[in-house]
Amino acid sequence: MHFYSTLVRGLGKAAPSASFQEVLENLWWRLDRKLSLDDVEMSARIILIDAIRKGTTTLVDHHASPGAVRGSLDRIALAVKDSGLRSCLCYEVSDRDGAAVIDDGLEENASFARACATEPDPQLRALFGLHAAFTLSDETLERASRMGRDLGIGFHVHVAEAASDVASNRSRFGRSPVERLVAHGILRDGSIAAHAVHCDDADKDALAASGAWVVHNPQSNLNNAVGIADVVGLVRRGIPVGLGTDAMTVAMLEELRVGLWAQHLKQENPSCGFMELTGALVVRNPEIASKLWGFPIGTLAEGAAADVILVDYHAPTPLNDSTVLGHLVFGISQAGVDTTICGGRVLMAGRKLEVDLDEAALAAESRRLAAALWERF
């Protein structure tokens, strides 16, 4: 998830972009520089309400606001606490905004991680955020690597999302993004490599050896026209592949469906990828969440987090162990979420929010903040 992208919805001021690099330069890097701390908090609040409504209890966020770095993760954490959901947070360190912002980003990650370690909260966890290898010098990567090791946390970084990321790293550093990030100790057990679209066989072998998770974000990759990750090939090498959305939605079953159709196209085989994609959501995502939080998430078992959603669905064909994944993709995904429970707390029942959040008032305030942000943009 990128909570901070919420207020861009409907913004038409960005110049048309013909490549992923232009999408970053014309839209996202212009937007994130203009965000205030109030914008950051509101962006999270809006998405968290939507997550409750869509039955998504656990979110792993990757944040950027170079004009308002310090205190940004605390403001997101406040929104998370109020929602009753849980989120793992980090700040996106990048060289693109200069030395002072690098220093602030490194310290924002460190201070939030220290707070999570000092005062453990079942709703909050920390990773160490980095943008992508092509916007990070070796010096910054080494500083971050040392800090992450000292804090005992993994990293959350975009990896080989576009072909331009690979080309930039090879021309400037003589290595692929995966090779650089592995060499600096960034991709390792407990780290998230988001995307991994443009990975050759050597990269896949390095990812497998690193112990890092890959998180596939198919709708974002299709939207940005960067390609489709070879999920089948990644899984075949034993790489744990989870499913994310990169802020395109909080409806995980929607993302699952798009990911499955995209994998059919990627493999040029309509019978390929079903178990890899469904497994990413129902097996790997719970494993990732459980490892990050340190207790079982995503299973109905004694001692696990009491996360349950109730969905209005009357199966028109037999529903059993052998058919449940087919129902998930082709039926349950199209049904409405009635009740969302996170950590044993009922957050929505009968499609009515049970948390003390005024959805209409928050939306009105969000529109006010968005209008002001768009003027600054």
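Q: What is the volume of the second largest pocket?
A: Welcome! This is a predicted model, where local features need pLDDT of at least 70, side-chain atom pairs count only at pLDDT 80 or more, and totals for chains, interfaces and linings use all residues. Residues are numbered from 1 along each chain as its sequence is written, and side-chain values use heavy atoms, leaving out hydrogens and water. A pocket is an open set of points on a 1 Å grid over the protein atoms alone, where a 1.4 Å probe fits with protein on both sides within 12 Å along at least five of seven lines. Taking volume as the space filled by probe spheres set on points joined across faces, edges and corners, the second largest pocket has about 670 Å³.

Q: Which element gives the largest share of the lining of the second largest pocket?
A: The lining has 34 residues (an atom within 4 Å of a point), and Ser-5, Val-8, Trp-28, Asp-246 and Ala-247 lie nearest the centre of the pocket. The elements giving two or more residues to this lining are α1 (20-34), α2 (37-54) and α9 (218-223); helices (H or I, at least four residues) and strands (E, at least two) are DSSP runs numbered from the N terminus. The largest share is seven residues, and they come from α1.

Q: How many nonpolar residues are in the lining of the second largest pocket?
A: Nonpolar here covers Ala, Val, Leu, Ile, Met, Phe, Trp, Tyr, Cys and Pro; Asp, Glu, Lys and Arg are charged, and the others, Gly among them, are polar. The lining has eight charged and eleven polar residues, while the number of nonpolar residues is 15.

Q: Is Ser-43 buried or exposed?
A: You will find Ser-43 in helix α2. Beyond its neighbours within four places in sequence, Ser-43 is in contact (heavy atoms within 4.5 Å) with Phe-3, Tyr-4, Thr-6 and Leu-7. Buried means under 20% relative accessible area, exposed over 50%, and partly exposed in between, with a 1.4 Å probe and protein chains only. Because the relative accessible area of Ser-43 is 0%, this residue is buried.

Q: In what order do the four strands of the open sheet run?
A: Two strands pair if DSSP finds at least two bridges between them. The edge strands, each pairing on one side only, are β9 (308-311) and β12 (352-353). The pairing is antiparallel, and the order is β9-β10-β11-β12.

Q: Why is strand β10 largely enclosed by the rest of the structure?
A: Strand β10 (residues 337-342) pairs with β9 over four bridges and with β11 over three. Its enclosure is read from accessibility: β10 is largely enclosed because, of its six residues, the number that are buried is five.

Q: Which residue of β11 is the bridge partner of Thr-340?
A: β10 and β11 form a hairpin with two residues between the strands, where Gly-343 takes a positive phi near 60 degrees. Further along the sheet, β11 (residues 345-349) is joined to β12 by two bridges, with Ala-349 partnered by Lys-352. Back on the β10 side, the partner of Thr-340 is Met-348.

Q: What arc do the buried residues of helix α6 cover around the axis?
A: In helix α6 (residues 163-173), the buried residues are Asp-165, Val-166, Ser-168 and Asn-169. They lie on the same side of α6, because the arc they cover, taken from the directions from the helix axis to the C-beta atoms, is only 165 degrees.

Q: Which elements do the buried residues of α6 pack against?
A: On the far end, α6 is followed by Gly-174, whose phi is positive, near 75 degrees. The packing partners of its buried residues are β4 (128-132), β5 (155-159) and α7 (177-183).

Q: What is the phi of Ala-160?
A: Most residues other than glycine have a negative phi. Ala-160 sits in the loop between β5 and α6 and is buried, with a relative accessible area of 0%. Its phi is positive, near 50 degrees.

Q: Which residues is Val-101 in contact with, leaving aside its neighbours within four places in sequence?
A: Val-101 belongs to helix α4 (residues 99-118) and counts as buried, because its relative accessibility is 18%. Its C-alpha atom is separated by 9.5 Å from that of Arg-70, 31 residues apart along the chain. The contacts of Val-101 are Pro-66 and Val-69.
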